[in-house]
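Welcome! Please open the structure in your viewer and keep the selection tool at hand for a short tour.

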Amino acid sequence: MPASSNPDIIGVDHVAAPLQCSAASPRPTLDTLPADILQSIIKLLYDEWLDNVHPKFRSYPRFDHERCQGEYLLDLSLTCRNLRAQTMPLIFREVYNWESSRGTVWPKSVWPYFKIIHIRDCTVRNPRKLDLSLATIHSLALMPSLTKATVRLDSSIPPALLHSLSLAPSLFRLEIHQARFDGEFPSSPLPFHTLKTLLISSSGFRAVASQENVDHSKQSMNAESLFRALGCRLTELRVSGEFIPRTFPSIEWLYLRRLAITEHEPSPYVSVPELVSNMPALRDLEVLYTVDATRAAHLKGRFPSFHLGDQSGRILSDRSPLLSRVTLGNALPDDSIFAQLPACLESLNLRAPVDPYDAPMGFPRDAYCPFSEHTLPKALSHMQHLQDLTELCLDLDSFVKAPIIHHIGVILPQLEILEFRLPRYMFLDSPVRFDARNRDPAILIALNLFSCLLHLRITMHFQRMHFDPHYAREVTAQWFFRGVPTLQTVSYAMFGNIHTLGFDSGSWQTLDRKVLDFILPTPPPSPPPLQLSRTYPSVHSSP
């Protein structure tokens with residue numbers, strides 16, 4: 001049958017007639033559109049505002065901005081009932097407890113729209129105390145759509161607040177910042193029927209510092225009670241090491257897939273093999289101890305003074321057979337943890353001291369990156385059994401050099417992903433930089449030791465005053481692709497001059513082999529090296 005003989009089939013010889021609109025039919029307006037189309041339009045406007053008007057919400061997803069993300073939709077919600085119904089879920093998606101009058105709570109009519117709630121007893125933008133009323137606390141248990149709650153209090157978390165959150169019917173994630181557990185603990189059971197992710201952090205907005213006058217024995221006892229109540233439910237736990245009780249290894253974590261121990265090391269100390277001894281479903285482990293700013297003035301020389309591993313010789317996969325990804329911070333090159341990594345490990349990330357609130361310049365200046373051209377071979381000598389490892393990420397004490405790549409290629413030639421980072425607080429102290437124009441051919445020779453290297457991520461230096469960063473990354477990417485045939489993508493964390501430090505290095509910029517199709521002009525001559533002076537303050541100096 002010819003295509004044109006059937007009006008239901010549009011073929012090459014049948015062209016559909018344009019739609020005809022009656023002159024008498026009303027023109028569609030925003031409030032007469034179907035609900036699904038109208039909701040999509042409002043959501044696109046909402047996303048565009050987050051990306052363009054206030055990108056901080058996307059780039060730095062923190063809870064200290066204390067602003068409603070949907071505030072720009074307030075005017076639109078006042079136009080008609082239809083638009084109000086469509087904008088309400090976005091306006092009230094994320095809210096804060098504000099003190100309008102003592103004892104008041106949010107209207108019950110907006111409770112179904114609450115997805116994220118931030119509870120605190122002190123504001124950040126205009127510091128003043130807030131009254132956290134019992135009415136507000138009890139209302140949390142009755143919010144049907146609440147999936148995430150963050151708590152930041154200057155005192156110990158009230159038992160009523162913890163119990164009310166445990167009764168929230170849809171609570172999936174709970175974050176407790178500036179945490180203290182040395183107060184009263186709920187005497188009744190804590191159901192937390194839907195809770196899967198728990199974050200407990202002792203730090204605040206300014207530094208990784210513990211609160212003062214804490215009863216550590218009582219805090220450890222209360223933290224243990226909380227962990228035992230949640231051990232059979234959580235799939236992700238991120239907790240400051242000071243809340244880890246000595247009995248933590250005896251708690252059964254049947255469904256825990258991701259564990260991150262951050263900030264301070266446990267006291268009394270618990271080694272990493274002990275931490276994971278009852279986690280049969282664990283897949284991702286992060287141990288990111290860092291410097292406590294309150295104790296930094298008393299620390300001299302190199303730290304840490306502890307080891308992540310122990311002398312038991314126990315392999316991490318003995319109790320966690322599914323473990324495939326490990327991230328270690330502050331691991332010394334001679335740490336026994338490297339020999340205790342499982343042979344089935346697929347990804348290893350070795351970090352320098354990390355500040356979870358991204359304030360690296362606030363670190364003591366004797367903070368150091370433990371891996372360099374001279375110390376890395378010692379750590380690699382204990383990794384020869386990692387023959388399934390496909391991804392290695394390293395924080396270095398200087399920009400990457402050929403000997404470092406060579407050492408890795410000899411021990412781990414099967415790597416598919418290789419990443420070298422220079423921590424921002426190490427930038428001023430780095431005497432050697434991987435510059436966009438001064439490229440060492442020995443780097444390409446070392447990279448060819450990897451038989452199937454697919455992705456390379458590297459910290460590169462450029463001087464914005466003399467050099468176009470986009471041109472720099474394209475020229476260097478062509479150099480890598482021509483020298484390493486297996487390479488598929490090259491990513492950069494860009495460093496600029498002293499005035500752009502910390503702004504250009506926050507994200508990776510990725511190029512693939514398509515860049516070889518472009519013909520780029522010869523790069524300009526190199527400018528004189530940038531002279532950097534150490535003018536930053538030191539936390540060791542007296543105020």
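Before you click, note that this is a predicted model, where local features need pLDDT of at least 70 and side-chain atom pairs count only at pLDDT 80 or more, while totals for chains, interfaces and linings use all residues. Residues are numbered from 1 along each chain as its sequence is written, and side-chain values use heavy atoms, with hydrogens and water left out.

**Stop one: a buried pair**

Select Asp 182 first: with a relative accessible area of 13%, Asp 182 is buried (buried means under 20% relative accessible area, exposed over 50%, and partly exposed in between, using a 1.4 Å probe and protein chains only). Now add Arg 180, which is also buried, at 15% relative accessibility. Their side chains meet in a salt bridge, with N to O at 2.7 Å. The term salt bridge stands for a side-chain nitrogen of Lys or Arg within 4 Å of a carboxyl oxygen of Asp or Glu. Side chains of opposite charge can pair when their charged atoms come close. The structure holds 19 salt bridges.

**Stop two: the cavity**

Keep Arg 180 selected and add Ile 157, Leu 162, Phe 181 and Asn 222; these are among the residues that line the largest cavity. A cavity is a set of points on a 1 Å grid over the protein atoms alone where a 1.4 Å probe fits but cannot get out, and lining residues have an atom within 4 Å of a point. How much space lies in the largest cavity? About 40 Å³, a volume being the space filled by probe spheres set on the points, which are joined across faces, edges and corners. The structure holds one cavity of 30 Å³ or more.

**Stop three: Arg 258 and its partners**

Next, select Arg 258 and Glu 236, a salt bridge with its closest N and O atoms 3.9 Å apart. Arg 258 lies in strand β7 (residues 258–263) and Glu 236 in strand β6 (residues 236–240), so this pair ties together parts 22 residues apart in sequence. Strands are DSSP runs (E, at least two residues), numbered from the N terminus.

Now add Glu 286, whose salt bridge with Arg 258 has its closest N and O atoms 2.5 Å apart. Glu 286 lies in strand β8 (residues 284–289) and Arg 258 in strand β7, so the pair ties together parts 28 residues apart in sequence. Glu 286 is buried at 9% relative accessibility, whereas Arg 258 is partly exposed at 30%.

To finish, add Arg 238, Asp 284 and Arg 325: they belong to a network of salt bridges that also includes Glu 236, Arg 258 and Glu 286.

How values were computed:
Helices (H or I, at least four residues) and strands (E, at least two) are DSSP runs, numbered from the N terminus. On a 1 Å grid over the protein atoms alone, a cavity is a set of points where a 1.4 Å probe fits but cannot get out, and a pocket is an open set with protein on both sides within 12 Å along at least five of seven lines; lining residues have an atom within 4 Å of a point.
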